[in-house]
Amino acid sequence: MKAGIITWHKEINHGAVLQAYATQSYLEQHGCEAILLDHNRSEISMDDRITEKLSRWAKKLTPTKIKTVFETRKWNQEKTALFRNFRSRYIHQGGFYSDNQDIDIAVVGSDMVFDFYEGFNPYVYGIGVAAPKIISYAASFGYTTSELLSHFDHREDIRDGISKMAAVGVRDSNTMKLVKELVPAATTVKTIDPVLLYGFSDEAKKWGKPGDFGKPYILIYSYSFNMDSRSEVAAIRKLANDLGCVLVSVGYWHPWCDFNVNADPEQFVRLFADASYVITDTFHGTVFSLIFEKQFRTIIRKNSFKVRDLLEDLSASSFIAASPLEIESAASHAIDYGPVIERLSELRERSGKFLLEQVGEL
């Protein structure tokens, strides 16, 4: 059996690349040859409207942000090279999705592949993909709402594409709802992110070098400028002091941290595995904290639909920090992983069964 995977594996983003690697590795672990199908991603965004562009630029044009952007140019160039090297070593790159590559099945996802906010990409709905069978695995419509979808120019194209999929694996309840609205008869199953499915247990031991920071560390994983408010920084510093830890930012530059590590995906995994504590506001920061059973807190932002959905599914909502005060006091409120591990085991079994049955390896 040969599978072609369609996902955002070319992004300069640790979560996106590692979920692609996880899908590939899980399939290969179960006897299926897997390749990542190439694509050209649309560059047209709904935020390309002039008012949206001006609004985004206005938010960026502060002295501190301008200074940070200037100072991190080299950092970002190095980061791009690190990701390029990782993909050349670990991602099994195939040809273009529309080329005949003798694949038996195309697997669309994971990640926010169904989200058209940043451009319409027909192939993520199976349109034009050269494969006799097409499914999705843990695909997400992201920030798409029913109202947005109802007025979208390509709504019927999306409906027709999804209706031809043999099975639709989705990552969150919002996506389940939208698929059911579009194609009521679709075989739709809620599945967990490939990182959670795969686990990275071997990679955590053999990838990267242990971080040498002189003390145990709290790992910070947040995009630039997303976790720089005075109240959040003060709360995180208080937690670090209570735990006797230094602060290490991975992947993104935060000047208030003790260390900033421009990590490739290998070192990223290792730093999560070895961390004493994690503070994040991202989906995959939450996911990697969970698989390595870290005490952590997730700050909810506009990504609440996917982070809350995941943590509720895992009986792990206690990891959400609703305010800086809940970060400050986190040292004295350790959370029991027993129910989380039990629930994750159930979801892994269900999700793995769905994927392997569809690719014919079960």
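**Figure 1. Ser 329, a partly exposed loop residue.** With a relative accessibility of 27%, Ser 329 counts as partly exposed, because that value falls between the 20% limit for buried and the 50% limit for exposed. Like every panel here, this close-up is drawn from a predicted model. Ser 329 belongs to the loop that joins helix H14 (324–328) to helix H15 (338–359). Follow its side chain and you arrive at the backbone oxygen of Leu 325, 3.1 Å away. Lys 238 is also worth bringing into view: Ser 329 and Lys 238 are 91 residues apart in sequence, yet their C-alpha atoms are 8.6 Å apart in space.

**Figure 2. Ala 330, a buried residue in the loop between H14 and H15.** Ala 330 is found in the loop between H14 and H15, and at 3% relative accessibility it counts as buried. Which residues touch Ala 330, once neighbours within four places in sequence are set aside? They are Leu 239, Tyr 277 and Arg 297. For a sense of scale, include Phe 292 as well: the C-alpha atoms of Ala 330 and Phe 292 are 18 Å apart, with their positions 38 residues apart in sequence.

**Figure 3. Helix H12, enclosed by the rest of the structure.** How many of the residues of H12 are buried? The count is 9 of the 9, so the helix is largely enclosed by the rest of the structure. The buried residues are Phe 283, His 284, Gly 285, Thr 286, Val 287, Phe 288, Ser 289, Leu 290 and Ile 291. At the N-terminal end, Thr 282 acts as the cap, with a side-chain oxygen 2.8 Å from the backbone nitrogen of Gly 285. After the helix comes Glu 293, whose phi is positive, near 55 degrees.

**Figure 4. Thr 286 and its surroundings.** This view stays in helix H12, where Thr 286 is found. Thr 286 has a relative accessibility of 0% and therefore counts as buried. A polar atom of its side chain lies 2.8 Å from the backbone oxygen of Thr 282. Beyond the neighbours within four places in sequence, the contacts of Thr 286 are Thr 280, Phe 296, Thr 298, Val 307, Leu 310 and Leu 311.

**Figure 5. Two edge-to-face aromatic pairs.** Searching the whole structure turns up 34 aromatic pairs. One of them joins Trp 8 and Tyr 123, edge-to-face, at 6.4 Å centre to centre and with 85 degrees between the planes. This pair links distant parts of the chain, 115 residues apart: Trp 8 is in the loop between strand E1 (2–6) and helix H1 (14–29), while Tyr 123 is in the loop between strand E4 (105–108) and strand E5 (134–139). Trp 8 is buried at 4% relative accessibility, and Tyr 123 is buried at 3%. Phe 268 and Phe 288 are the partners in the second pair, their ring centres 5.4 Å apart and their planes at 90 degrees, so this pair too is edge-to-face. Here the link runs between helix H11 (residues 265–274), which holds Phe 268, and helix H12 (residues 283–291), which holds Phe 288, with 20 residues separating the two. Both Phe 268 and Phe 288 are buried.

**Figure 6. Charged groups over aromatic rings.** Two examples are shown together. Lys 79 lies over the face of Tyr 252, at 3.5 Å from the ring centre. In the other example, the charged end of Arg 171 sits over the ring of Phe 283, 4.1 Å from its centre. You may recognise Phe 283 as one of the buried residues of H12.

**Figure 7. The crossing of helices H1 and H11.** Two packed helices are described by the angle between their axes and the distance between the axes. The axes of H1 and H11 come within 10 Å and cross at roughly 95 degrees. The helices are therefore roughly perpendicular to each other, because the crossing angle falls in the 65 to 115 degree range. Where they meet, H1 contributes His 14, Val 17 and Leu 18, and H11 contributes Pro 265, Phe 268 and Val 269.

**Figure 8. Arg 270, a buried arginine in helix H11.** Arg 270 lies in helix H11. Is Arg 270 buried or exposed? At 13% relative accessibility, Arg 270 counts as buried. Its side chain reaches the backbone oxygen of Gly 208 at 3.2 Å. With neighbours within four places in sequence left aside, Arg 270 is in contact with Ala 204, Lys 205, Trp 207, Gly 208, Lys 209, Pro 210 and Tyr 217.

Technical notes: Residues numbered from 1 in each chain as written. Predicted model: local features only at pLDDT ≥ 70, side-chain atom pairs only at ≥ 80, totals over all residues. Heavy atoms only, no water. Phe/Tyr/Trp six-rings, centres within 6.5 Å; stacked < 30°, edge-to-face > 60°. Helix = DSSP H or I, 4+ residues; strand = E, 2+ residues; numbered from the N terminus. Buried < 20%, exposed > 50% of the residue type's maximum accessible area, 1.4 Å probe, protein only. Lys NZ or Arg CZ within 6 Å of the ring centre and 35° of its normal. Polar contact = N/O pair within 3.5 Å; in protein donor to acceptor, adjacent residues only side chain to side chain. Contact = heavy atoms within 4.5 Å. Axes fitted to C-alpha atoms, helices over the stretch in contact; angles between N-to-C directions. Parallel < 35°, antiparallel > 145°, perpendicular 65-115°, else oblique.
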